[in-house]
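Trainee: I am new to this structure and would like a close look at a single part of it. Please take one region and work outward from there.

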Amino acid sequence: MSTMTEDRTAGDPHHAPVGWPPRNRRELLVKVLWIGVWLVFLSSPVDDLINGGHTTGATVAGSLGLAAFVGVYLTLVFRNIGRPFSPRLVLTLGAILGVLAPVLAYTLGSAWLGLFVYLSVACGATLPVRAAYWAIPASGAVMYLIGLHSNEKEARGLLLLVVLIGFAMTGVGQLVRTTIELRKARATVAQLAANEERLRLARDLHDLLGHSLSLITLKSELAGRMLPDHPGKAAQQVADIEQVSRQALVDVREAVTGYRRPRLAAELAGTQVALAAAGVVAEMPGEPDLTGIPEEAESALAWALREAVTNVVRHSGADRCVVQVLRRQTLDGPVLELCVEDNGSGGAGNGPGNGLTGLTERLEKAGGALEAGRVKHGFRLVARVPAPASADVGSGA
């Protein structure tokens, strides 16, 4: 009964959050003190043992019975908060209380009727709500029937308290259980957020390193072919390799810290260089109209362009590539569309790879969509993001 009524917050360093077991001696002491406040109803049985005029055997039996009752009650209510017992053990301990309270109250007199308060609290705090709704009135009824045998007036006075405090504890018990469920849900959300961050980092590293390493490989092959006859041109390629490597290192560091958002204009310029180095004739658009395009959507298109060009360079075997950036009006509203089409015989393989899967996730987060697949004379990738309405339909090659 006691520990469930504590008004505490999870952020208070001096108190255990609701539903948590005590984590140190201070919290244990606080919970014990709260229990002590509610043990006031034991004053009557204790006084009866001392001054009730019972025989020695009855006094010893009553003392043992009271000690057993308090021990089981504290175990059931105090220990069950935060780390619940199994349903079978809860029912077993509750049954012990349900036997001890009537036996002690019937044999030792009306001073022991207060034990039914603790029985009602235990039922409300530990039983399922539906079971508690039956057990609490039953406890009050048994207490009143026993009171008819000893002191009907006192039993009638305790009846309302037994029922009300039991039902109050069902509400507190529900609050504690809900708090525990919310804490578990918050831990799940944190785990999902960590997983999403790992996926983001994996996508960024795949896109960054795939593009940069492909360019480094191409320029290394060019430098190797130029080295015997054209050392000057080979040196230029080596300088380009150094520049790409340094930029890749910067990009990886920024991706790890979560601050990198590639710009579409910069990726278009890089695309021209990468395709030229691979010997692919490129048709590129003019300066794209990005008016009103959110930064996240532009970043998603930039990633899509990088992944598409990396696939053209590494897998397609193409000698021609067309890149378009257009504003279009669709049934879903105006969009900014990126289209990359090559005439290669290769492509994305038999199914979507990690790059296309990551792109799909990026574009969906920005409210866009991705289409990729074989066409009559090559492979086409189309990425779309929402765009504000504009009279300018854009430009493309």
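Is K153 buried or exposed, and what is its relative accessible area?

Mentor: K153 is exposed, because its relative accessible area is 64% and the cut-off for exposed is over 50%. Bear in mind from the start that this is a predicted model.

K153 is found in helix α7, an element that covers residues 152-226. Another residue of helix α7 is G157. G157 is exposed too, with a relative accessible area of 55%. In sequence G157 and Y144 are 13 residues apart, and their C-alpha atoms are 9.5 Å apart in space.

From K153 the view can be taken across to S110. The two residues are 43 residues apart along the chain, while their C-alpha atoms are separated by 9.8 Å. S110 sits in the loop between α4 (87-108) and α5. Unlike the exposed K153, S110 is buried, at a relative accessible area of 17%; the cut-off for buried is under 20%. Leaving aside residues up to four places away in sequence, S110 touches S150, N151 and E154.

The loop that holds S110 leads to α5, which spans residues 115-126. This helix has 12 residues and reaches 17 Å from its first C-alpha to its last, close to the 16 Å expected at 1.5 Å a residue. How enclosed is α5 by the rest of the structure? It is largely enclosed, because 12 of its 12 residues are buried. Among them are L115, F116, V117 and Y118, as well as G124, A125 and T126.

A partner of α5 is helix α6, residues 129-150. The two helices pack at an angle of about 170°, with their axes 9 Å apart. That angle makes α5 roughly antiparallel to α6. On the α5 side the contact is made by F116, L119, S120, C123 and G124. On the α6 side it is made by A132, A135, I136, S139, V142, M143 and I146. By type, the residues of this contact divide into nine nonpolar, three polar and no charged. The α5 residues in the contact, F116, L119, S120, C123 and G124, also appear in the list of buried residues of α5.

Another helix pairing can be followed through V309. This residue has its place in helix α10, residues 295-316. At 1% relative accessibility, V309 counts as buried. Its C-alpha atom is separated by 7.5 Å from that of L275, although the two are 34 residues apart along the chain. Apart from residues up to four places away in sequence, V309 touches T271, A274 and L275. These three residues are listed among the buried residues of α9, together with L264, E267, L268 and A277. Helix α9 covers residues 264-277, has 14 residues and reaches 20 Å from its first C-alpha to its last, close to the 20 Å expected at 1.5 Å a residue. Just after α9, G279 takes a positive phi of about 75°.

A strand residue gives another case. R374 is found in strand β4, residues 369-375. Its relative accessible area is 47%, so R374 is partly exposed. R374 and S345 are 29 residues apart in sequence and 9.2 Å apart in space, C-alpha to C-alpha.

These parts belong to a chain whose secondary structure comes to 11 helices and six strands. Buried residues make up 41% of its 397 residues. Of the contacts between residues at least 6 apart in sequence, 69% join residues at least 24 apart.

Last, the confidence of the prediction. The chain averages a pLDDT of 78, and 81% of the residues score at least 70. Among the elements of the chain, strand β5 (residues 378-386) has the highest mean pLDDT, 91, and strand β6 (residues 394-396) the lowest, 41. Over residues 1-16 the pLDDT is below 50, and in the model this stretch has 44 contacts beyond near neighbours in sequence. Residues 391-397 also have a pLDDT below 50, with 18 contacts in the model beyond near neighbours in sequence.

Notes
Residues are numbered from 1 along each chain as its sequence is written. This is a predicted model: local features need pLDDT of at least 70, side-chain atom pairs count only at pLDDT 80 or more; totals for chains, interfaces and linings use all residues. Side-chain values use heavy atoms; hydrogens and water are left out. Helices (H or I, at least four residues) and strands (E, at least two) are DSSP runs, numbered from the N terminus. The expected span of a helix is 1.5 Å times one less than its number of residues. Buried means under 20% relative accessible area, exposed over 50%, partly exposed in between (1.4 Å probe, protein chains only). pLDDT is the predictor's confidence in each residue, from 0 to 100. Contact means heavy atoms within 4.5 Å. Axes are lines fitted to C-alpha atoms, for helices over the stretch in contact, and angles run from 0 to 180 degrees between N-to-C directions. Angles under 35 degrees count as roughly parallel, over 145 as roughly antiparallel, 65 to 115 as roughly perpendicular and the rest as oblique. Ala, Val, Leu, Ile, Met, Phe, Trp, Tyr, Cys and Pro count as nonpolar, Asp, Glu, Lys and Arg as charged, and the others, Gly among them, as polar.
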